[in-house]
Amino acid sequence: MEFGLFVLAAFSPALYELSGFVILALYSKSEPESLSFLAKERLGAWSRFCLFFLPWLSLLAASQGPVIFLGRLLFCCLCAICIVSDGEQQIIFDEVLLCLAAGGIFFMPAGALYGHVVAGFLAGFAFLLLTILFSGSIGGGDIKLVAAGGLWLGSHIIEALLYGVLLGGLAALVLLLRGRGKNSYFAYGPYLIAGMLLVLFS
């Protein structure tokens, strides 16, 4: 725990600034038509809160040793970037997802490579099938997100996706009941990530 507190106390401001810089840099290199708003030089207050708070969840794994803690910290930082970009701009950047997948492989438990790779492939393939069957229901970023999540969680990705779909469905229902979201894009990424975090830290 002491190691985790030291790392976060010393480096959380730098991680916060770095995450914000990465998001704005990715916004800047994107085509304007791919963004929902053109004010690419700013992040909303909710986004900044998410970037600062989410890495602190890694403290829940601090008692499991420094390697596991650092892996969870990386996962939280990258997921925070995905949540912000999907929530603000309805896009999850491939560069971030590639880092997420690479981190899942690097911090994978010994001897778990085959099972986690298979889990990632099957999770991504299942969401791809859903996209084909229900055109436009799931974005390409969500497909790659769950595939990367499978590399971290292995077979537990099934449980995480159940949580994520349930949370996302409840949020979509609330929006519909309030008369919003009927013909608009719904960002599923943050809810899928919430499901992964629930499983990862449970």
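## Helices and a surface patch

A helix here is a DSSP run of H or I at least four residues long, and helices are numbered from the N terminus. With that in hand, Leu-128 can be placed: the residue is found in helix H5, which covers residues 113–133. Please keep in mind while browsing that this is a predicted model.

Is Leu-128 buried, partly exposed or exposed? Its relative accessibility is 37%, and because buried means under 20% and exposed means over 50%, Leu-128 counts as partly exposed. Leu-128 also belongs to a nonpolar patch on the surface. The other members are Tyr-114, Val-118, Phe-121, Leu-122, Phe-125, Leu-129, Leu-130, Ile-132, Leu-133 and Phe-134, and together the patch has about 1100 Å² of accessible area.

## The buried side of H5

Helix H5 also holds residues that are covered. Phe-127 has its place in H5, and with a relative accessible area of 9% it is buried. Leaving aside neighbours within four places in sequence, Phe-127 is in contact with Ile-138, Asp-142, Ile-143, Val-146, Leu-161 and Leu-192. For one of these partners there is a backbone distance to check in your viewer: the C-alpha atoms of Phe-127 and Asp-142 are separated by 7.9 Å, while the two residues are 15 apart along the chain.

His-116 is another residue of H5, and it counts as buried at 11% relative accessibility. Which residues does His-116 touch, not counting those up to four places away in sequence? They are Met-108, Pro-109, Gly-150, Leu-151, Trp-152, Leu-153 and Gly-154.

## The two sides of H2

Helix H2 runs over residues 45–53, and Ser-47, Cys-50 and Leu-51 in it are buried. These three lie on the same side of H2, because they cover an arc of only 95° around the axis. On the other side of H2, Ala-45, Trp-46 and Phe-49 are exposed. The cover over the buried residues of H2 includes helix H1 (2–29) and helix H3 (66–89).

Two of the buried residues deserve a visit of their own. Ser-47, at 2% relative accessibility, counts as buried; setting aside residues up to four places away in sequence, Ser-47 touches Val-84 and Glu-88. With the same neighbours along the chain left out, Leu-51 touches Tyr-16, Ser-19, Gly-20, Ile-23, Leu-43, Ala-80, Ile-81 and Val-84.

## Nonpolar cores

In soluble globular proteins, nonpolar side chains tend to be buried together. In this model, the largest nonpolar core has 48 residues. Those that touch the most other members are Leu-51, Phe-75, Leu-100, Leu-145, Leu-153, Ile-157 and Met-196. Which helices supply at least two residues each to this core? The list is H1, H2, H3, H4 (94–106), H5, H6 (140–153), H7 (157–177) and H8 (189–200). The largest share, nine residues, comes from H3.

There is also a second, separate core, made of seven residues, with Ala-62, Phe-69, Leu-73 and Cys-77 among them.

## Salt bridges

How many salt bridges does the structure hold? There are two. In one, the side chains of Glu-95 and Lys-29 meet at 3.0 Å, N to O. This pair links distant parts of the chain, with Glu-95 in helix H4 and Lys-29 in helix H1, 66 residues apart. Glu-95 counts as partly exposed at 35% relative accessibility, whereas Lys-29 is exposed, with a relative accessible area of 52%.

In the other, the side chains of Lys-144 and Asp-94 meet at 2.6 Å, N to O. Lys-144 lies in helix H6 and Asp-94 in helix H4, so this pair ties together parts that are 50 residues apart in sequence. Both ends are partly exposed: Lys-144 has a relative accessible area of 40%, and Asp-94 has a relative accessibility of 44%.

## A backbone angle to check

Most residues other than glycine have a negative phi. Gln-90 is not a glycine, yet it has a positive phi of about 55°. Where is Gln-90 placed? Look in the loop between H3 and H4. At 31% relative accessibility, Gln-90 counts as partly exposed.

Note on methods: Residues are numbered from 1 along each chain as its sequence is written. This is a predicted model: local features need pLDDT of at least 70, side-chain atom pairs count only at pLDDT 80 or more; totals for chains, interfaces and linings use all residues. Side-chain values use heavy atoms; hydrogens and water are left out. Buried means under 20% relative accessible area, exposed over 50%, partly exposed in between (1.4 Å probe, protein chains only). The arc is that of the directions from the helix axis to the C-beta atoms. Contact means heavy atoms within 4.5 Å. Patches are made of residues with over 30% relative accessible area and no salt bridge: like charges are joined within 9 Å, nonpolar side chains (Val, Leu, Ile, Met, Phe, Trp, Tyr) within 5 Å. Accessible areas come from the Shrake-Rupley method with a 1.4 Å probe; for residues, only the protein chains shown count as cover. A salt bridge is a side-chain nitrogen of Lys or Arg within 4 Å of a carboxyl oxygen of Asp or Glu. A nonpolar core is a set of buried Ala, Val, Leu, Ile, Met, Phe, Trp, Tyr and Cys residues joined through side-chain atoms within 4.5 Å.
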